[in-house]
Amino acid sequence: MNRRVKLIVCYYGKLPEWFNLWLLSCEYNPEFDFLLVTDQDVDKMPNNVTALKIPMGELKNRFSGVLGFECVLDNPYKLCDYKPLYGLALADKLEGYEFWGHCDVDLIFGNLSDHITEAMLNNYDAIGKYGHLILYRNSERINRLYRLNGGAFPYETVYKNPENYSFDEMSGMDRIVKKNNIGSADIKIANAVPELMRIKARGYDSCKEFFCWDKGRLKRVYEKNGAVCFDEYAYLHFSGKKPKCNLSYREAERGFCILSDEIIAFGDSEYSLETISEFNRFVSIDEDNAELKTAKEAKTKKFMRLSMKGKMINIKIHQALLADRLKIFGGGYEPLVGYSSYGHLMEVTA
């Protein structure tokens, strides 16, 4: 790829326990460069990862300079809304790159080149759909997409208010890309269902599965019709899960397994049905549905505690998911396919 892509992650506060594994998964993608913008010290990093240590206030000043007005950035989570601005706010770090992108650290990369191909880079201006990883062509027009019509909220509203508007994905850039006919492509990813205690990839109906990282490849290992099967992905997004991890960088290099609550060493190249049963933490479909119901009730209560402004923002963000919501809570296991963690909010206003 000849250094065509640089991925940016802005992370403020204590780095997560698995951060060295994130770095390892970056190292195994030498065709991609990564920039970590943070207020933390990082001792050792792979050759394709660099750090920019600056206070969040300085980063806020960069955003304000791009926008032409004083923006609001009071907490690290609000940075999600600012991801579409990275191309301009950090332009001095992107010279010579054909694409820039934003990504998160609550994920483990697989072999990105298998999923972000030369053909995609040659033919599309936006690659990816979710805020945890999206690429944009590094051009004046594409870097200013956030200013165009199509989002659920005008960019001025997003950047002059402290609330989170999901502007980096479903309520903002996803809609803007579609509205303005920007050539885009999706990436094959695994997104964990946050409402389940176990690791369960959204959109698949298998009951027994786990994930492993093996020499740069991110694999979903699962049982189907009594056989061991594999799928590979660009990355696994933890979706709010915070697994414990005590592995050193070199221990992890031999391979590791990602469970809901921990990441453990796993360098075995042979996978068996017994291994799947041991690592997948599946109990029953009824247990899964009970956890989904509990999560739905908790989120509804959280929604009801929001201010009126907060409620209206959430409703507007997720109104496009209303049709999907009708399919989600009809009972049974299949509704996990395409399940939206906030789709239930719509029924609060029904």
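This is a short tour of the sheet, one helix, the nonpolar cores and two hairpins in a predicted model.

**The sheet**

Let's start with the strands. Seven of them, 7 strands in an open sheet, line up as β3-β2-β1-β4-β7-β6-β8, and the pairing is mixed. At the edges you'll find β3 (49-53) and β8 (184-185), each of which pairs on one side only.

Zoom in on β1 and β2. Strand β1 covers residues 5-11, strand β2 covers residues 32-38, and the two run parallel with 7 bridges between them. If you want a spot to get your bearings, look for V9, which sits opposite L36 in β2.

**The helix across it**

Helix α1 spans residues 19-27 and lies across β1, β2, β3 and β4 (99-103). Its direction makes an angle of about 150 degrees with β2. How many of the 9 residues in α1 are buried? The count is 7, so to speak a mostly covered helix. The buried ones are F19, L21, W22, L23, L24, S25 and C26.

**The cores**

The largest nonpolar core holds 50 residues, and W22, F109, L133 and F256 are the ones that touch the most other members. Helix α1 is the biggest giver here, putting 6 residues into this core.

W22 is worth a click in your viewer. Setting aside neighbours within four places in sequence, W22 is in contact with V9, F34, C103, D104, V105, L107, I108 and F109. V9 is the residue we met opposite L36, and F109 is another of the residues touching the most core members.

Apart from this core there is another, made up of 43 residues, including L79, A89, A152 and F153.

**Two hairpins**

Now for β10, β11 and β12. Strand β10 (residues 209-214) pairs with strand β11 (residues 217-224) in the antiparallel sense, and β11 also runs antiparallel to strand β12 (residues 227-233). Here is how the two hairpins look side by side:

| Hairpin | Bridges | Residues between strands | Positive phi | A bridge pair |
|---|---|---|---|---|
| β10 and β11 | 6 bridges | 2 residues | K215, about 50 degrees | E209 and Y222 |
| β11 and β12 | 7 bridges | 2 residues | N225, near 55 degrees | K224 and A227 |

So which residue in the turn between β10 and β11 has a positive phi? That's K215. In the hairpin of β11 and β12, N225 takes that role, with its positive phi near 55 degrees.

Notes. Residues are numbered from 1 along each chain as its sequence is written. This is a predicted model: local features need pLDDT of at least 70, side-chain atom pairs count only at pLDDT 80 or more; totals for chains, interfaces and linings use all residues. Side-chain values use heavy atoms; hydrogens and water are left out. Two strands pair if DSSP finds at least two bridges between them. Helices (H or I, at least four residues) and strands (E, at least two) are DSSP runs, numbered from the N terminus. Contact means heavy atoms within 4.5 Å. Axes are lines fitted to C-alpha atoms, for helices over the stretch in contact, and angles run from 0 to 180 degrees between N-to-C directions. A nonpolar core is a set of buried Ala, Val, Leu, Ile, Met, Phe, Trp, Tyr and Cys residues joined through side-chain atoms within 4.5 Å. Buried means under 20% relative accessible area, exposed over 50%, partly exposed in between (1.4 Å probe, protein chains only).
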